[in-house]
2 protein chains.
Amino acid sequence: MIRHSVIFTLKHATGSPEEQAFLRDALVLTEIPGVENFEQLRQVSKKNDYHFGFSMEFADQAAYEAYNVHPKHVKFVEERWVPEVERFLEIDYEPV
Amino acid sequence: MIRHSVIFTLKHATGSPEEQAFLRDALVLTEIPGVENFEQLRQVSKKNDYHFGFSMEFADQAAYEAYNVHPKHVKFVEERWVPEVERFLEIDYEPV
């Protein structure tokens, strides 16, 4: 199991329609084969400067790589992630 | 639900007995009331410089605050976390 996550901050104002549209449209990622346990989360710790998190799991590295190059993922990154995300950090976990 | 997590890097060498002892002894945190779904994870993304993650869930803010001041947590932080952890980042999630 690989748990892929990203914490990020949008360029949009908190609570704005643009913010809500981004979160809603990001659900397209759940349509990609291999994506399991997809979660959208609000980052609330004051000890870092990110506002949201996405988390998903893949059965193995092959499923993760297929996701990375899937046209729906590539399109979302190009058309929404790059223009609308201010900063982000990717974290990938495997069991110890 | 609050999912509290921390990504971190130890001062110990990878695979060393000291690293294993730290991970093993950190399981004391699971004895603290309110700690649910505790996980120890290996951080494998090359896009950040952290090696491990701990993740746990609390039913609510009161359970989280009780954990923070619990003597077993305070003792672990003072005696193991501070001297043995090189760098870390805390992330707290709530449902969107």
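**Exercises on a predicted two-chain model**

Phe58(A) is found in strand 3 of chain A, the strand that covers residues 52–58. The model is predicted, and the exercises below are worked from it.

**Exercise 1.** Decide whether Phe58(A) is buried or exposed, and list what Phe58(A) touches beyond four places in sequence.

Solution.
- Step 1. Take the relative accessible area of Phe58(A), which is 0%.
- Step 2. Buried means under 20%, so Phe58(A) is buried.
- Step 3. Leave out residues up to four places away in sequence; Phe58(A) then touches Met1(A), Ile2(A), His4(A), Gly34(A), Val35(A), Ala63(A), Tyr64(A) and Tyr67(A).
- Step 4. For a distance across the chain, take Glu79(A): 21 residues separate Phe58(A) and Glu79(A) in sequence, and their C-alpha atoms are 24 Å apart in space.

**Exercise 2.** Place Gln43(A) in its strand and find the polar contact that joins its side chain to that of another residue.

Solution.
- Step 1. Strand 2 of chain A, residues 36–43, contains Gln43(A).
- Step 2. The relative accessible area of Gln43(A) is 7%, so this residue is buried.
- Step 3. The side chains of Gln43(A) and Asn48(A) are joined by a polar contact of 2.8 Å.
- Step 4. Not counting residues up to four places away in sequence, Gln43(A) touches Asn48(A), Tyr50(A), His51(A) and Phe52(A) in chain A, and Ile91(B), Asp92(B) and Tyr93(B) in chain B.

**Exercise 3.** Work out which operation superposes chain A on chain B.

Solution.
- Step 1. The operation is a rotation of 180° with 0.0 Å of shift along its axis, and the RMSD is 0.0 Å.
- Step 2. This is the relation of a two-fold axis.
- Step 3. Both copies use the same surface, since 100% of the contact residues of chain A recur in chain B.

**Exercise 4.** Count the aromatic pairs over all chains, then classify the pair of Phe22(B) and Phe54(B).

Solution.
- Step 1. The count over all chains is 24 aromatic pairs.
- Step 2. In the pair of Phe22(B) and Phe54(B), the rings are 6.4 Å centre to centre, with 10° between the planes.
- Step 3. Planes under 30 degrees apart count as stacked, so this pair is stacked.
- Step 4. Phe22(B) lies in helix 1 (residues 17–25) of chain B and Phe54(B) in strand 3 (residues 52–58) of chain B, so the pair ties together parts 32 residues apart in sequence.
- Step 5. Phe22(B) is buried at 0% relative accessibility, and Phe54(B) is buried at 2%.
- Step 6. In chain A, ring pairs link Phe8(A), Phe22(A), Phe38(A), Phe52(A), Phe54(A), Phe76(A), Trp81(A) and Phe88(A) into a cluster.

Definitions and conventions: Residues are numbered from 1 along each chain as its sequence is written. Chains are lettered from A and ligands numbered from 1 in the order in which they are written. This is a predicted model: local features need pLDDT of at least 70, side-chain atom pairs count only at pLDDT 80 or more; totals for chains, interfaces and linings use all residues. Side-chain values use heavy atoms; hydrogens and water are left out. Helices (H or I, at least four residues) and strands (E, at least two) are DSSP runs, numbered from the N terminus. Buried means under 20% relative accessible area, exposed over 50%, partly exposed in between (1.4 Å probe, protein chains only). A polar contact is a pair of N or O atoms within 3.5 Å; within protein, one must be able to donate a hydrogen and the other to accept it, and residues adjacent in sequence count only if both atoms are side-chain atoms. Contact means heavy atoms within 4.5 Å. Copies are superposed by least squares on the C-alpha atoms of residues with pLDDT of at least 70 in both. Rings of Phe, Tyr and Trp (its six-membered ring) pair if their centres lie within 6.5 Å; planes under 30 degrees apart count as stacked, over 60 as edge-to-face and the rest as tilted.
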